[in-house]
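Notebook open, coffee poured. I wanted to get a feel for this fold before going back to the bench, so here is what I looked up.

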Amino acid sequence: MLDNSVTIKAPSVEQAVKIGLSKLNITEDQAVVTVINEGKKGLFGFGKQDAIVEISAKTKISLNDLAEETKEVEEVAAAVALESQVVAEPVVPSQEVSPLTEETVLVEETEEVVESEEKAEVSVSLEAVARYLEDVIKAFGAEAKVSVEASSREVHFNIETDKSGLIIGKHGKIIDALQSLAQVMVHRGHHRRVAVLLNVGDYRDRRAGILESIAERTARQVLKTKQAVILDPLPAFERKQIHSHLSQIEHVKTHSEGVEPNRYLVVEYEN
């Protein structure tokens, strides 16, 4: 365990945070708090779960600055993405074929070169994004290695680091800000739209479980009271996850309201 990061298990999130701050000898303003598990009160002592919280001391330059200055960093991201260009090698047609066959070969080779060029441009662009993310994370005090997994529809950037709590940030704000920057860069360097996901360890899986619990709890409340429930603001891809889960439940419907980054879901009863 690193000296500037601790993981605490306690009956409540508040208690865990208090213990962690005491161990690190810092105040809450000097800490980045990541709630791994909110815990459960249980019923008559059954099903009770402790809260789990990861607390990291902020570096001299807070990663929260990144979330507050997203627009400025996006401009830098765009500039980096534009620098990733690939020059295609010229096509040299065969000299040992008839004019008709030569033309056919030239077209086929040109198509192959264009396809190869597009793949190379995408590859270089994604690698540039990965290196840029490493530089940004390093600038804020954390060493990280970013790898890329890409398909025709999705691009995943996986971050390996010893300071996951610092990169995730309170309520996931930092990793979501980094993901937004990565998405801007990928879309400006990619010839078609793809979904971009940034992950640290198993954070996204754990977060998906939390979102599913929120969706189920909200659905039960709406079905019981038949009153609308307004959820806290969430990133677009997390709203989509909750919407997808609730769309499978009868008599429950959702829609989004507000303006980014404070856009939220409204869950309503439907006859």
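**Entry 1: the whole chain**

I began with burial. Of the 271 residues in the protein chain, 35% are buried. I then checked the secondary structure, and the chain holds eight helices and nine strands. For contacts with a separation of 6 or more, I found that 60% are between residues 24 or more positions apart.

**Entry 2: how far to trust it**

Note to self: this is a predicted model. The average pLDDT over the protein chain is 76, and 70% of the residues score at least 70. Two stretches caught my eye. Residues 60–64 have a pLDDT below 50, and beyond near neighbours in sequence this stretch has nine contacts in the model. Residues 104–118 are also below 50, with 12 contacts in the model beyond near neighbours in sequence. I'm leaving both stretches out of the entries below.

**Entry 3: a three-stranded sheet**

Next I went to a sheet. It is open, has three strands in the order 4-5-6, and its pairing is mixed. On the edges sit strand 4 (144–150) and strand 6 (195–200), each pairing on one side only. From one strand to the next, the twist averages 20°.

Which way do the pairs run, parallel or antiparallel? I took them one at a time. Strand 4 and strand 5 run antiparallel and are joined by seven bridges. A hairpin of three residues connects these two strands, and one bridge I picked out pairs A144 with T161 in strand 5. Strand 5 (residues 154–161) and strand 6 run parallel, with six bridges between them. Here I noted I159, whose bridge partner in strand 6 is V200.

I also looked for what packs on this sheet. Helix 6 (residues 173–189) does, touching strand 5 and strand 6. The direction of helix 6 makes about 145° with that of strand 6.

**Entry 4: V155**

I stayed with strand 5 and clicked on V155, which has its place there. Is V155 buried or exposed? With a relative accessible area of 1%, V155 falls under the 20% cut-off, so it counts as buried.

I listed what V155 touches, leaving out residues up to four places away in sequence: L126, V148, E149, A150, V194, A195, V196 and L197. From that list I checked L197 for distance. V155 and L197 are 42 residues apart in sequence, yet 6.3 Å apart in space, C-alpha to C-alpha.

**Entry 5: R207**

An arginine next. R207 is found in helix 7 (residues 203–225). I asked myself why R207 counts as buried. The reason is its relative accessibility of 17%, which is under the 20% cut-off. Not counting residues up to four places away in sequence, R207 touches L234 and E238.

**Entry 6: the second largest pocket**

Helix 7 came up again when I went through the pockets. The second largest one has a volume of about 460 Å³. Its lining has 15 residues, and those nearest the centre are E38, G39, K40, S213 and R217. Which element gives the largest share of the lining? That is helix 7, with eight residues. Strand 2 (31–37) and helix 7 each supply at least two residues of this lining.

**Entry 7: two histidines with positive phi**

Last, I went through the backbone angles. Most residues other than glycine have a negative phi. Two histidines go the other way. H171 has a positive phi of about 60°, and for H251 phi is near 70°.

Where do they sit? H171 lies in the loop between helix 5 (164–168) and helix 6, and helix 6 is the one that packs on the sheet from Entry 3. H251 is in the loop between helix 8 (236–246) and strand 8 (252–257).

I compared their accessibility with the cut-offs. H171 is exposed because its relative accessible area is 55%, and the exposed class begins over 50%. H251, at 38% relative accessibility, counts as partly exposed, since that class lies between 20% and 50%.

Definitions and conventions: Residues numbered from 1 in each chain as written. Predicted model: local features only at pLDDT ≥ 70, side-chain atom pairs only at ≥ 80, totals over all residues. Heavy atoms only, no water. pLDDT = per-residue confidence, 0-100. Contact = heavy atoms within 4.5 Å. Pairing = 2+ DSSP bridges. Helix = DSSP H or I, 4+ residues; strand = E, 2+ residues; numbered from the N terminus. Axes fitted to C-alpha atoms, helices over the stretch in contact; angles between N-to-C directions. Buried < 20%, exposed > 50% of the residue type's maximum accessible area, 1.4 Å probe, protein only. 1 Å grid on protein atoms, 1.4 Å probe; cavity = no way out; pocket = protein on both sides within 12 Å on 5 of 7 lines; lining within 4 Å. Points joined across faces, edges and corners; volume = space filled by probe spheres on them.
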